[in-house]
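This report is a guided reading for someone meeting the model for the first time. It goes from the chain as a whole to one sheet and then to the aromatic rings.

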Amino acid sequence: MKFGKVEAPELIDFTMPKDHPDTEVVLSRYKGKGDLKVFVGCAKWNRQDIKNFYPRGTKDELQYYASQFNCIELNATFYRIFPGEQYEKWYDKTPADFKFFPKVSQDISHLRRLNDAVYPIVDRYLEVTSNLKDKLGTIFLQMHGNFAPKNWDRVVRFVEYWPKEFPLAMEFRHTDWFNDEKVANELYHLLEENNIANILVDTAGRRDIMHMRLTNNEAFIRYVGANHESDYTRLDDWLLKLNDWKSKGLQNIHFFVHQNMELESPLLAAGFIAKLNKKLGCNLTIPKTLHNSGPTLF
C-alpha cells in the first residue's frame with residue numbers, strides 16, 4: 001500500500017493521538033456484553049506480494065496462508081467482481097474459523113463515487129460475496145482521497161441502501177471528513193446509527209486522518225509500515241491502545257498489516273500476533289516465517 005508513503009520516515013512523529021472523547025462512550029455500551037474476537041492478517045496472499053513467507057514447494061498459496069493466519073484483507077475484490085464460483089473455491093480452501101474481509105469494488109467507490117448508478121453494482125457485488133457464507137467478515141469501502149464532504153448526500157444514500165445483514169466498515173481519506181468538526185460529528189453519528197465501523201489507517205504521511213474515533217464495537221485498523229525500524233515500535237503502541245480499548249468494552253479487533261513495499265508484512269504480523277497473545281490473552285496461531293532469527297527487518 002503506497003498510501004501515505006514518505007521518503008524519510010525517521011522524520012515523522014508517530015506518536016499516537018489521544019482518543020476522540022466519544023470513543024470511550026461508544027465502547028462503554030458494549031462493556032461486559034461479549035468476549036473479545038481478534039483477527040490479524042495481511043492484505044494479499046499472492047507469493048509475489050508477500051515475500052519470504054511461503055516454503056519452497058508450496059502448491060496452493062491461499063491454503064498455506066490460511067493455515068498460518070486467521071483472516072485476509074481481500075484487496076483483490078477492489079479491482080474486479082469475481083464470479084460466485086471463485087468465492088466458493090476460496091471458501092472451500094480455508095479452515096472453518098477463517099474470515100475474509102473483502103474490499104468494495106472500485107466501480108462503486110472510485111469510478112462512480114457512490115452516485116445513483118452504483119446500486120445495481122452493489123447488488124451484484126453482494127450477491128457473489130455472499131458465497132463466502134460464515135467466513136465473510138466485515139466488508140470495507142475505501143473512498144478516494146479527493147472524495148470530499150460536498151458528497152455527503154451520496155454517503156447518506158449509500159448507507160441507507162446498504163443491507164444491514166452485511167457488516168460494513170468505511171474509510172474516508174479527505175482530511176475535511178475529520179478536521180471539520182461539524183462534518184465529522186455528522187459522519188460519526190451516521191456510522192454509529194447504522195452500526196458501521198469507522199476505519200483507522202495508520203500510515204506515515206497522513207497523520208491528519210488518525211481520528212481515533214470508533215463508532216461501534218469494532219476496531220478495523222489498516223496499518224501501513226514504512227519499511228523502517230519504527231514499524232515495530234508503532235505496532236507496540238497499538239498493543240497498548242488495543243488493550244486499553246478492550247478494557248473499555250471493545251469486542252472485535254480486525255487488524256491488517258501492510259507495508260509501503262510489501263517485503264516483510266508476514267514477519268511484522270507474526271511478531272505482532274505473538275505480543276498480542278501475551279498482552280490481550282489471545283490464542284492466535286503465530287505464523288511461521290522463513291527467518292530463523294527473531295523478528296527483525298534490519
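Among contacts in the protein chain between residues at least 6 apart in sequence, those joining residues at least 24 apart make up 76%. The model is a predicted one, and its protein chain contains 11 helices and nine strands. With 298 residues, a compact globule would be expected to have a radius of gyration near 19 Å, and the 18 Å found for the protein chain agrees with this. The overall values are gathered in the following table.

| Property of the protein chain | Value |
|---|---|
| Span of the C-alpha trace along its principal axes | about 55 × 45 × 45 Å |
| Share of the 298 residues that is buried | 55% |
| Exposed area | about 13400 Å² |
| Share of the exposed area supplied by carbon and sulfur atoms | 48% |

Within the chain, three strands form an open sheet in the order 4-5-6, and the pairing in this sheet is parallel. Strand 4 and strand 6 (197-198) stand at the edges with a single partner strand each, so that one side of each is left without a neighbour in the sheet. Strand 4 and strand 5 (residues 168-171) run parallel and are joined by four bridges; phenylalanine 140 has alanine 169, in strand 5, as its bridge partner. Together with helix 7 (residues 152-161), strand 4 and strand 5 make a right-handed β-α-β unit.

In a regular strand the side chains alternate between the two faces of the sheet. Strand 4 (residues 139-142) can be read with this in mind: Ile139 and Leu141 point one way, whereas Phe140 and Gln142 point the other way, and all of them are buried.

The aromatic rings offer another view of the interior. The structure holds 28 aromatic pairs. One of them joins tryptophan 238 and tryptophan 245 in an edge-to-face arrangement, with 6.1 Å centre to centre and 65° between the planes. It counts as edge-to-face because the angle between the planes is over 60 degrees. Tryptophan 238 has 0% relative accessibility and therefore counts as buried, and tryptophan 245, at 0% relative accessibility, counts as buried too; the cut-off for this class is under 20%.

Ring pairs also link a cluster that consists of Trp45, Phe53, Tyr54, Tyr64, Tyr65, Phe69, Phe82, Tyr87, Trp90, Phe98 and Phe100.

Note on methods
Residues are numbered from 1 along each chain as its sequence is written. This is a predicted model: local features need pLDDT of at least 70, side-chain atom pairs count only at pLDDT 80 or more; totals for chains, interfaces and linings use all residues. Side-chain values use heavy atoms; hydrogens and water are left out. Buried means under 20% relative accessible area, exposed over 50%, partly exposed in between (1.4 Å probe, protein chains only). Helices (H or I, at least four residues) and strands (E, at least two) are DSSP runs, numbered from the N terminus. Two strands pair if DSSP finds at least two bridges between them. A crossover is right-handed if, with the strands pointing away from the viewer, the path from the first strand over the helix to the second runs clockwise. The radius of gyration is taken over C-alpha atoms; the globule rule is 2.2 Å times the number of residues to the power 0.38. Contact means heavy atoms within 4.5 Å. Accessible areas come from the Shrake-Rupley method with a 1.4 Å probe; for residues, only the protein chains shown count as cover. Rings of Phe, Tyr and Trp (its six-membered ring) pair if their centres lie within 6.5 Å; planes under 30 degrees apart count as stacked, over 60 as edge-to-face and the rest as tilted.
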